[in-house]
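This report is meant for a reader who is meeting the structure for the first time. It takes a few helices and loops in turn and describes what surrounds them.

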Amino acid sequence: MAQTGQEFNVDDKKLHEIVHEADNVVPRPTPKEFFEKQPHKSLQNFSDYEKLYRESIENPDKFFGEKAHEFLSWDHDFHKVQWGSFKDGEIAWFLGGKLNASYNCVDRFAFATPDKPAVIFEADDESESRILTFADLLREVSKVAGLLQSWGVKKGDIVAIYLPMTPEAIIAMLACVRLGAVHSCIFAGFSAGSIKERIIDADCKVVITCDEGKRGGRVTHSKEILNSALKECPDVEKVLVYKRTGNPEVEMVEGRDFWWQEEADQFPGYIPPVSVDSEDPLFILYTSGSTGAPKGVVHCTAGYLLGAALTTRYVFDLQPEDILFTAGDVGWITGHTYALYGPLSLGVPTIVFEGTPAYPDMGRFWKIIEKYKATHFYVAPTALRMLKKSGEAEIAKYDLSSLRTLGSVGEPIASEIWKWYDEKIGHKCCHIADTYWQTESGSHLIAPLAGAVPTKPGAATLPFFGIDAVIIDPTTGKVREGNDVEGVLGVRSPWPSMARTVYHCHQRFLNAYLRPYPGFYFTGDGAGRDHDGYYWIRGRVDDVVNVSGHRLSTGEIESVLLENKKVSESAVVGISDDLTGQAVIAAVQLKEPELITDDESLLALRKKLRLHVRKVIGPFAAPKTIIIVDDLPKTRSGKIIRRIIRKICSGEGDSIGDTSTMANPEVVAKLEAEVEQQFGVKN
């Protein structure tokens, strides 16, 4: 392919034969057979992908200029498609163009198809569910925009949004950008300290929240938590509060706090959108690193919106008559791109789910899909592992035949989970889109395009349009050409939806992404390119372990451990070792821990797991230590926090740092006790 410096001319039949040679490839229908039942097709075959991809790399001005006109509505046309480079550290797209994201996601569809569903809200309590049409959405967005405008919110101002996954979160985001203001969504599960940190860093004077939220049959105290945070945010002048539960005991500060319903109804159902420049910021989203304060990643209007629309259309093959169910929160980039901007910019209904996959039972996802006849489902492997563990009885209750594309997001999906997803949810007739991307990328970097790119379980497959992916030798910094290579994953040239900077700190952006390998965007992930040119994501580079000169991907070892039927989750880290440089340590969570009742069975299981890793990868990859735990430390989005495991196993538990944003901070003490009990490591 273009990014490897060589041609990749493989016709559809030959490609189909290649990807079915490997033992780990699930036999699938050809793209033509697979998409026969579809009324529309974005791409017909692999040749379509290859042609468009090559054009996007060799002539990005023509490719993205045409796509920008096709997918977006402009108030004023752009005069230059792109400017800048990674070497310069300054990037801009669609220079001189003016548009409004709210208009692109709401107005143009409200005018053409006012009665078409836009936001399908599945409440935690199913009886409270409701549907907003595009006309409804325009009306509600305009009212809130009018209210914010009366408070003095204007173009360039940053508004903090601290809301659960309800239509009001979507409305608030679109109301901000309607005025040219910038939204900064804060995950509804964050603590007061994390909220305060983000509000202060973004210089927010206005915050939008709710009295309380509902999740998993429980009430979450949103306003109470926010009140605590605002004690240290003196610059906040106004707080808009949506009455979700109506609890009369919720504390409201006079002169600062106002009820959404009472205030918004004073404004008309249409407020004209404010035209902004292509490069004006659309939103800030904070992403936590293993060290330092959270980074406020800044995304700009036109490039981001185009990336969201293009990837949603081509990766998922999302068509106007479809319904997308993204089980992700707007507190994270997945919710931004694929629960809001992607589907709504295409005029496609989006399902917004307030609850959890386990409430009131483990069939909730499947019930939602059947209820609304969702055609596309997008979820994290974390949830899939949990659902797989719960068994298949709940799945059998529901009709999932409406599904056409199944997506995976957030982390590499293990082959075992991929196959389960394909067989039990997709019944082997759905496209599986294992998507690789980041908060900073804005939209998919590497993913199989529905109807065109055959898949392999666990492989991210091939780059999206405009993503000139490369494998870089971490030692020399040079690009490794050809196939069957491994290294760190980089991108050779800018793409429209990538972040432009870190708020208040452009140097931090440059140091994190553009300076590690000059001339390239550094993803921070290790990756391999196999004999077919397919990409496999190996995990964060700081999660690559070097044992006696062998560079080992922790993700690869984790996948092997998960092949044992007793293991539900695994996390592998490397710690310093005097003999080998680094040693592999594995923390393993069992599906049924109660069955391992004595030291003998525990030792037998550890031995079996080590031998399996030796057999599959090699003796050098076998974990020096395997810790059996009840639970693994995780973020609120479900990602395992491996640095905590690394710190504890290295005897550095006293330097873990802030755990307030963890979903399960109680695990830290339990993990420390388990490490000490099993191996005598004490902090």
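The model shown here is predicted, and a convenient place to begin reading it is helix α8, which spans residues 192-201 and whose buried residues are Ala192, Ser194, Ile195, Arg198 and Ile199. These residues lie on the same side of α8, because the arc they cover around the axis is only 165°. As for what they face, the buried residues of α8 pack against β6 (158-161), β8 (206-210), α9 (222-230) and β14 (281-287).

One residue of this helix can be followed in more detail. Ile199, which lies in helix α8, has a relative accessible area of 2% and is therefore buried, given that buried means under 20%. When its neighbours within four places in sequence are left aside, Ile199 is in contact with Ala160, Ile186, Cys204, Val207, Leu226, Leu230, Cys233 and Val236. A residue farther along the chain gives a sense of distance: Ile199 and Arg508 are 309 residues apart in sequence, and their C-alpha atoms are 19 Å apart in space.

What follows α8, and what is the sign of its phi? The helix is followed by Asp203, whose phi is positive, near 60°, although Asp203 is not a glycine. Asp203 has its place in the loop between α8 and β8. A second residue with a positive phi, Thr461, is likewise not a glycine, and Thr461 is found in the loop between β20 (431-434) and β21 (469-472). Is each of these two residues buried or partly exposed? Asp203 is partly exposed, because its relative accessible area is 39%, whereas Thr461 counts as buried at 1% relative accessibility. The table sets their values side by side.

| Residue | Phi | Relative accessible area |
|---|---|---|
| Asp203 | about 60° | 39% |
| Thr461 | about 75° | 1% |

Another backbone feature concerns a proline. The peptide bond that runs from Tyr359 to Pro360 is cis, with omega near 0°, and Pro360 has its place in the loop between β17 (350-353) and α13 (364-372). Arg364 belongs to helix α13, and at 2% relative accessibility this arginine counts as buried. Which residues does Arg364 touch, if those up to four places away in sequence are not counted? Arg364 touches Glu122, Ala123, Asp124, Glu126, Phe353, Thr356, Pro357 and Tyr359; Tyr359 is also the residue from which the cis peptide bond leads to Pro360. Arg364 and Asp124 are 240 residues apart along the chain, and their C-alpha atoms are separated by 9.9 Å.

The last part of this report turns to a pair of helices. The axes of helix α5 (residues 101-112) and helix α7 (residues 167-178) come within 8 Å and cross at roughly 120°, and α5 and α7 are therefore oblique to each other. The crossing of α5 and α7 is left-handed. On the α5 side, Ala101, Ser102, Tyr103, Cys105, Val106 and Asp107 take part in the contact, and they meet Leu174, Val177 and Arg178 in α7. By character, the residues in this contact of α5 with α7 divide into six nonpolar, one polar and two charged.

Conventions:
Residues numbered from 1 in each chain as written. Predicted model: local features only at pLDDT ≥ 70, side-chain atom pairs only at ≥ 80, totals over all residues. Heavy atoms only, no water. Axes fitted to C-alpha atoms, helices over the stretch in contact; angles between N-to-C directions. Helix = DSSP H or I, 4+ residues; strand = E, 2+ residues; numbered from the N terminus. Parallel < 35°, antiparallel > 145°, perpendicular 65-115°, else oblique. Left-handed = near helix turned anticlockwise from the far one by under 90°. Contact = heavy atoms within 4.5 Å. Nonpolar A, V, L, I, M, F, W, Y, C, P; charged D, E, K, R; others polar. Buried < 20%, exposed > 50% of the residue type's maximum accessible area, 1.4 Å probe, protein only. Arc of directions from axis to C-beta.
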